[in-house]
Amino acid sequence: MTVRQSIVFNGDLGSGKSTVSVEIAKRLGLRRVSVGDLYRQMAQERQMTALQLNLHAELDQAVDGYVDQLQRDIAASGESLVMDSRLAWHFFTDALKVHMITEPTEAARRVLARPSGPAESYTSLEEARAKLRERSESERGRFIVRYGVDKARLRNYDLICDTTRANPEQVIQHVVDVYEGRLGAEVLRAGQPLLLLDPNRVYPTEDVATLRGLWDSEFAGEVAEAGDEALEPLSIGYTGEYFFVVDGHRRLSAAVRGGFPLVPARLVAEVDEPVVGGMSAVDFFAAQARPGLIHDWEDAHGIALPLPEHALLGSGAVLAGEPGAGA
């Protein structure tokens, strides 16, 4: 079993990084350092909100400079620890780099529900969602300009975990299993990020009609009994906003019907990387994920998937039942 020195967490605001990193540090007996706590303290000392400090940091490099040097020093010390930081993955080498994501409205609900301080408070769900997005975009732009790295690029990380429906204990156990080499070792050895996705948020790219012959209650029952960690990883593409199946619709269907909050997957292509035939992830998804296909998948599984922008705009999509459907 190969265990890396440290675990560094990055991710969406409201994705549960603090809750998960605190408990993992306790279980593994490691010290935890939170850069988010440090930034909130700095904001409070300056009588700013967290968003205002982020915007100020775009102009004043001293804000990031202090925190950056702290992370460099910790990384260079060789201490095994748990780091909760937006940029620790950039400074640490021998670490499991975990990126946590969640559906934006769910993230806003979580942030709105927790006790607020002078550096971070919201009056409504809409305000929380808008300000979380603004903060994230401010950080992303600052990191691209200052460090030449894009925190939204999934290949920066070893593990991407969607916490939308998974509870903290489920996330914690999966992260510890990856850290200790019991889950996803083959995917990571191949140099690919391991994805732990909410199956209810993954889009199909094949018509339900062509897949029904592959679905059987016996297979779904076997998957449900074995659990998500026994499932062969799906092959997944990512547009920068949406995850979609390249290979593994049958396994995804079984995971959805089994009520799994997480399903393992490997990243095949993201954004402008080719999926098949030189077609980028963005173009492949736009061509394959038609409105009718998505609606049929929803009906077959009793879930709801927001229509992607290209589908809402039409973009030549053919609805189920219309001439040309299934062609």
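Helices and strands here are DSSP runs, numbered from the N terminus. The model is predicted. Its open sheet holds 10 strands with mixed pairing. Helix H1 (residues 17-28) lies across four of them: strand E1 (6-11), E2, E3 and strand E4 (95-101).

**Sheet**
- The strand order is E2-E3-E1-E4-E5-E6-E10-E8-E9-E7.
- Strand E2 (31-34) and strand E7 (202-203) form the edges, and each pairs on one side only.
- E2 runs parallel to strand E3 (residues 81-84), joined by 4 bridges.
- Arg31 has Leu81 in E3 as its bridge partner.

**Helix H1 and its packing**
- H1 runs at about 170 degrees to E1.
- H1 also packs with helix H8 (residues 168-179), at an angle of about 55 degrees and with the axes 10 Å apart.
- Angles from 65 to 115 degrees would count as roughly perpendicular and those under 35 as roughly parallel, so H1 and H8 are oblique to each other.
- The crossing of H1 past H8 is right-handed.
- On the H1 side, the contact is made by Thr19, Val20, Glu23, Ile24, Arg27 and Leu28.
- H8 contributes residues including Pro168, Val171, Ile172, Val175, Val176 and Tyr179.

**Nonpolar cores**
- The largest nonpolar core has 57 residues.
- Met83, Phe92, Leu195, Ile236 and Phe243 have the most contacts inside this core.
- A second, separate core has 25 residues, among them Val98, Met100, Val171 and Leu262.
- Beyond its neighbours within four places in sequence, Phe243 is in contact with residues including Ile101, Leu154, Leu195, Leu197, Val202, Tyr203 and Ile236.
- Arg201, Gly237 and Tyr238 are also among the contacts of Phe243.

Definitions and conventions:
Residues are numbered from 1 along each chain as its sequence is written. This is a predicted model: local features need pLDDT of at least 70, side-chain atom pairs count only at pLDDT 80 or more; totals for chains, interfaces and linings use all residues. Side-chain values use heavy atoms; hydrogens and water are left out. Two strands pair if DSSP finds at least two bridges between them. Helices (H or I, at least four residues) and strands (E, at least two) are DSSP runs, numbered from the N terminus. Contact means heavy atoms within 4.5 Å. Axes are lines fitted to C-alpha atoms, for helices over the stretch in contact, and angles run from 0 to 180 degrees between N-to-C directions. A nonpolar core is a set of buried Ala, Val, Leu, Ile, Met, Phe, Trp, Tyr and Cys residues joined through side-chain atoms within 4.5 Å. Buried means under 20% relative accessible area, exposed over 50%, partly exposed in between (1.4 Å probe, protein chains only). Angles under 35 degrees count as roughly parallel, over 145 as roughly antiparallel, 65 to 115 as roughly perpendicular and the rest as oblique. A crossing is left-handed if the near helix is turned anticlockwise from the far one by less than a right angle, and right-handed if clockwise.
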